[in-house]
Every structure is written in C-alpha cells, then in structure tokens.
Amino acid sequence: MQRNNVLGLLVLFLFAALVAAQIGFAQWSSNSSANTPIDTSRNDQLTPDLVSDGAGGAIIVWQSKQQMGPNVDILAKRIDASGAPVWGANAIVICDSRNEKGPPQIVSDGAGGAIIAWVDRRTINTNNDTGADIYVQRLNTAGIPQWTANGVPICSTARDQTGPVIASDGAGG
C-alpha cells in the first residue's frame with residue numbers, strides 16, 4: 001500500500017513539474033486582452049520602435065526614463081517568434097550617457113542585427129552647443145554593440161540636430 005502511495009505521489013509531482021515548466025516557458029500571453037511584457041522595470045518605457053530580426057522575431061528599442069531622475073537611456077531587446085528573450089532576460093543598454101536622449105529609430109542591418117539612431121544631449125553647454133546631436137549604434141545578431149560605447153556621433157555641428165531617420169544599406173551599415 002505504501003509503495004502505491006509513493007508511486008502516486010511521484011506521478012503527481014512529475015505531472016505538476018511538467019505543467020509548471022510549460023507555464024514557465026510560455027512567453028506570449030494566452031489572454032487576448034493581455035500583452036507580453038518586454039521591460040517590467042520601475043522606469044518609464046517610452047517611444048518603442050521595432051524591426052524584424054529576420055528569423056521570425058523582433059528587435060525592440062525604447063527610451064527608459066528613471067521616474068525620479070533626469071536621465072533617459074536607450075535600451076534594446078530581441079525576442080524570438082514565441083516572445084522569449086534571445087539576448088537574455090534583461091535589455092541591452094545602447095546608450096546610458098548623461099543627459100536626455102530622444103526617441104530611438106531602428107532598422108535591420110541585413111545580417112540579423114540592427115542599427116539604432118537617436119538624438120542625444122550629452123554635450124549640452126559645451127562648445128556653445130545646445131547639445132542635440134545624432135548618434136548611432138549597431139548591434140550584431142548576438143546583441144553585442146559593434147561601434148563605440150554609447151554610440152557614434154553622426155552629426156554634431158553647433159546647431160541642434162533632431163528627428164533622425166535611418167535606412168539600412170543591406171550590408172551591415
């Protein structure tokens with residue numbers, strides 16, 4: 001009798017573990033009125049943009065604003081076709097330089113990664129510049145930044161640069 005109870009408990013435990021595993025790995029919400037979260041941090045997530053990763057998933061980029069601070073960072077995350085994170089649970093930091101950053105734009109690099117552009121005010125009040133310059137960063141298919149940390153300045157003249165629009169050349173640039 002004891003052996004049957006132990007066997008029954010073992011079968012019940014294995015069934016519960018399989019159900020829990022399915023729930024734990026499911027990414028897309030089965031509730032049509034609920035969304036799949038990309039970033040659940042306490043920061044405000046603003047101005048998302050996304051592009052196909054070329055493999056059924058997407059690369060998403062957005063502004064992350066600290067609720068009680070002046071900093072706005074640019075973050076990115078890649079998800080697969082099932083909604084599961086590809087580059088790890090946390091977002092990739094594209095730019096966390098000081099001061100405000102404008103809404104990011106994203107385009108595929110044609111090689112499974114992406115190129116991201118944004119307005120950046122890191123140079124505010126230096127060289128008589130009001131600080132709005134355009135920066136870019138490229139992520140490879142593994143989510144690793146390919147250019148200078150916090151991006152490369154594309155246009156940094158003495159006047160404000162705003163509203164970047166980007167397009168891929170289809171060859172990684």
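**Exercise 1. Work out how β3 and β4 are joined, and place them in their sheet.**

Step 1. In this predicted model, strand β3 covers residues 72-79 and runs antiparallel to β4, with three bridges joining the two.

Step 2. One residue pair shows the register: L75 stands opposite V93 in β4.

Step 3. The sheet that holds these strands is open and has four strands in the order β1-β2-β3-β4, with antiparallel pairing. Each of the two edge strands, β1 (44-52) and β4, has a single partner strand, so one side of each is left without a neighbour in the sheet. From one strand to the next, the twist averages 30°.

**Exercise 2. Describe the sheet that contains β5 and β6.**

Step 1. The order of this open sheet of four strands is β5-β6-β7-β8, and the pairing is antiparallel. Its edges are β5 and β8 (152-155); each has a single partner strand, so one side of each lacks a neighbour in the sheet. With direction ignored, neighbouring strands of this sheet are turned by 30° against each other on average.

Step 2. Between β5 and β6, which run antiparallel, there are four bridges. I106 has I116 in β6 as its bridge partner, and V107 stands opposite I115 in β6.

Step 3. On to the next pair: β6 and strand β7 (residues 133-139) pair in the antiparallel sense over seven bridges. Here A117 stands opposite V136 in β7.

**Exercise 3. Decide how far β6 is covered, and on which faces.**

Step 1. Count the buried residues: seven of the seven residues of β6 are buried, so the strand is mostly covered.

Step 2. Sort them by face. One side carries A114, I116, W118 and D120, the other I115, A117 and V119, and all of these are buried. Both faces of β6 are therefore covered, where buried stands for under 20% relative accessible area.

**Exercise 4. Locate D109 and list its side-chain contacts.**

Step 1. D109 is found in the loop between β5 (105-108) and β6 (114-120). The hairpin of these two strands has five residues between them, and within this hairpin G110 takes a positive phi near 80°.

Step 2. The relative accessibility of D109 is 1%, so D109 counts as buried.

Step 3. The side chain of D109 makes a polar contact of 2.9 Å with the side chain of R138. A polar atom of the D109 side chain also lies 3.4 Å from the backbone nitrogen of G112.

**Exercise 5. Is N99 buried or partly exposed, and what lies around it?**

Step 1. N99 sits in the loop between β4 (92-95) and β5.

Step 2. Its relative accessibility is 25%, so N99 counts as partly exposed.

Step 3. The side chain of N99 reaches the backbone oxygen of R121 at 3.1 Å. P70 is 29 residues away from N99 along the chain, yet the C-alpha atoms of the two are separated by 6.7 Å.

**Exercise 6. Describe the largest pocket and its lining.**

Step 1. The volume of the largest pocket is about 220 Å³.

Step 2. The pocket is lined by 13 residues, of which P37, I38, D39, K77 and A89 are the closest to its centre.

Step 3. By residue class, the lining divides into six nonpolar, five polar and two charged residues.

Notes: Residues are numbered from 1 along each chain as its sequence is written. This is a predicted model: local features need pLDDT of at least 70, side-chain atom pairs count only at pLDDT 80 or more; totals for chains, interfaces and linings use all residues. Side-chain values use heavy atoms; hydrogens and water are left out. Buried means under 20% relative accessible area, exposed over 50%, partly exposed in between (1.4 Å probe, protein chains only). A polar contact is a pair of N or O atoms within 3.5 Å; within protein, one must be able to donate a hydrogen and the other to accept it, and residues adjacent in sequence count only if both atoms are side-chain atoms. Two strands pair if DSSP finds at least two bridges between them. Axes are lines fitted to C-alpha atoms, for helices over the stretch in contact, and angles run from 0 to 180 degrees between N-to-C directions. On a 1 Å grid over the protein atoms alone, a cavity is a set of points where a 1.4 Å probe fits but cannot get out, and a pocket is an open set with protein on both sides within 12 Å along at least five of seven lines; lining residues have an atom within 4 Å of a point. Grid points are joined across faces, edges and corners, and a volume is the space filled by probe spheres set on the points. Ala, Val, Leu, Ile, Met, Phe, Trp, Tyr, Cys and Pro count as nonpolar, Asp, Glu, Lys and Arg as charged, and the others, Gly among them, as polar.
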